[in-house]
Amino acid sequence: MSGGGPPTSFAFQKTHNAMKRLRLLFLSPATAVMALLFFAPLAIVFAYSLLTRGPYGGVMRPWTMESYGRVFDPLYGEILWRSVWVAAVSTLLCLMLGFPLALYIARSAGRKTLLLNAVMLPFWTSFLIRTYAWMFLLRDTGLINTALERLHLIRAPLPLLFNTGAVTLGLVYGYLPFMVLPLYATLEKLDPALLDAAEDLGASPWIALWRVAVPLSKPGMIAGCLLVFIPCLGAYLTPDLMGGGKTVMVGNLIQNQFTTARDWPFGAAASLLLMAIVLIVTRSLGRKGEELI
Amino acid sequence: MKRFLPVYAAAAYLFLYLPLVVLGVFSFNSSKVAMWHGFSWQWYAGVFHNTGLLEAARNSLIVAVTATAVSTVIGTLAGYALWNKRAPVLTNSLCLSLLTPEIVTGVSLLAFFEWIFRFLHMQLGLHTVILAHISFCLAYVVIVILARLRTFDPSLEEAALDLGANEWQTFRRVTVPMLLPGILAAALLCFTVSFDDYVITSLVAGVNSETLPMVIYAMARKGVSPEVNALSVMVTVGLGVFILIAGRLEQAQAAREQRS
């Protein structure tokens, strides 16, 4: 590596150009898949949202904005509002439940990987099965009600399933790992000396936690809340199975319009509205989509 | 607080695992009622005698294997290309596909397929399920591959090219072997996500293309049947063993790489 000038400049240039051509080629299949199986379907949905419902459930002209107006109809507005509310409550519960757990994992020397994997393990098992596990416990003929009846503590089964509380429980159970992971990532980097310093200066351990650790883990909290709120807002399976058709969320509304109700323009408008909310929330929380990758 | 945290963590882990453990225990219950009566294998036997279930399991495997293979290859190529070449359109669309709620992905693919099939005289079936799964698995692969490439040293490629390899040989003989643990991790993620998907699958599946999650869903809605518990245990254990083996492979590959 002696002599003037950048010694590897020629080789580097050669490498750079050669690999550049290859990369361009490598991009094309993924671009084709995204264009055909992501953007084309979205374009169709956009077009359908501006059409009129046909007599047999299809779509027909004239072009109209009517479907978007109906989304804000009080009947559907209530569903939209409920979705936002249930998703927000579930996210808040995940944050409250996840923070101490992430803190415990971040502070347990030597067993961090094991404890973190133990949180992530249910994520690898089927979401559907995890939802069913709660149905098995909470149903009228489920374990809890059967046990309480046998012990003669209740005469009629308690209405544990098929309500908004059950849906919230299902969402919290399903998405808690998504909250713990980013919280752990920030808390792990937090210098314990900062907490010690706060305690030396007279703060109780709880005050030190509240005034030092909580503010410093804000990036993790925002990431976690985003990772939980977005899937909760568009949830379909949990409200369907654990709400039993009583706690209808926007995901169920969309599914219903495309299947049973066969009002595709309205379902398409609701889909685009849901996507718009997701994008607005993502952007306003200060994380551009690109940072997620 | 030093006493509070361990107690709390124990309770949290109990919350995460107890429902699954209870579900598993009651798959061995000899009675249909949710009270313990005695040990029995009958529900497991029932699963194996249920031809509809076996058919669905076969469909799920076909879909997951095909979708994983295709999206892992395409996603690996794209992830490598995106590594230090900016392609904002593709990057943003992958991000957008990750943010899109499953139900929206599902209905838009349904609308798209139905529209296209008006011209092609085809019907929904296993092929539409596979296409849908490729579409939503792609972003996961790209993320995993890009994460893996963060620790990749480009001078290895330069060395190979200097020594006379052409671009394709360099990619094939240097880059891919180095990326193998990442590729395996991506494939593993794809397989589990695809095998588990209900929402998108149920929308784009045709009459004879029921997958396992669709059957579990239908059974779960109908009512308590310990057969669902048995099936759940088998799926969970099956996936668990698969993840364990794949994880070991990945570790072995990473270790081999460090040695050389």
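User: Which handedness, left or right, has the crossing of α5(A) and α11(B)?

Analyst: In this predicted model, α5(A) crosses α11(B) in a left-handed sense.

User: How is such a pair described beyond handedness?

Analyst: In general, one gives the angle between the axes of the two packed helices and the distance between those axes. Here, helix α5 of chain A covers residues 127–138 and helix α11 of chain B covers residues 226–259. Their packing angle is about 145°, and their axes are 11 Å apart.

User: Which residues of α5(A) and α11(B) meet?

Analyst: From α5(A) come A:I129, A:Y132 and A:F136. They meet B:V228, B:N229, B:S232, B:V235 and B:T236 of α11(B). Sorted by class, this contact has five nonpolar residues, three polar residues and no charged residues.

User: At what angle do helix α7 and helix α10 of chain A pack, and how far apart are their axes?

Analyst: The same two quantities serve for any packed pair: angle between axes and distance between axes. For α7 (residues 164–189) and α10 (residues 218–233), both of chain A, the angle is about 160° and the axes lie 8 Å apart. α7(A) is therefore roughly antiparallel to α10(A). The crossing of α7(A) with α10(A) is right-handed.

User: What is the class make-up of the contact of α7(A) with α10(A)?

Analyst: It comprises 15 nonpolar residues, three polar residues and no charged residues. Among the residues on the α7(A) side are A:L171, A:Y175, A:F178 and A:M179. The α10(A) side includes A:M221, A:L227, A:V228 and A:G224.

User: Into which domains is chain A divided?

Analyst: Domain 1 spans 9–49 and domain 2 spans 74–292. The C-alpha centres of these two domains of chain A lie 34 Å apart.

User: How many residues are in contact between domain 1 and domain 2 of chain A?

Analyst: Four residues of domain 1 of chain A are in contact with six residues of domain 2. The domain 1 side of this contact has three nonpolar residues, one polar residue and no charged residues.

User: How many residues does each chain give to the contact of chain A with chain B?

Analyst: Interface size is often quoted as the accessible area lost when the parts come together. The description here is a residue count: 77 from chain A and 74 from chain B. On the chain B side, helix α1 (residues 4–25) gives the most, with eleven residues. The chain B side divides into 55 nonpolar, twelve polar and seven charged residues.

Terms used: Residues numbered from 1 in each chain as written. Chains lettered and ligands numbered in written order. Predicted model: local features only at pLDDT ≥ 70, side-chain atom pairs only at ≥ 80, totals over all residues. Axes fitted to C-alpha atoms, helices over the stretch in contact; angles between N-to-C directions. Helix = DSSP H or I, 4+ residues; strand = E, 2+ residues; numbered from the N terminus. Parallel < 35°, antiparallel > 145°, perpendicular 65-115°, else oblique. Left-handed = near helix turned anticlockwise from the far one by under 90°. Contact = placed C-beta atoms within 7 Å. Nonpolar A, V, L, I, M, F, W, Y, C, P; charged D, E, K, R; others polar. Domains from an automatic or database assignment.
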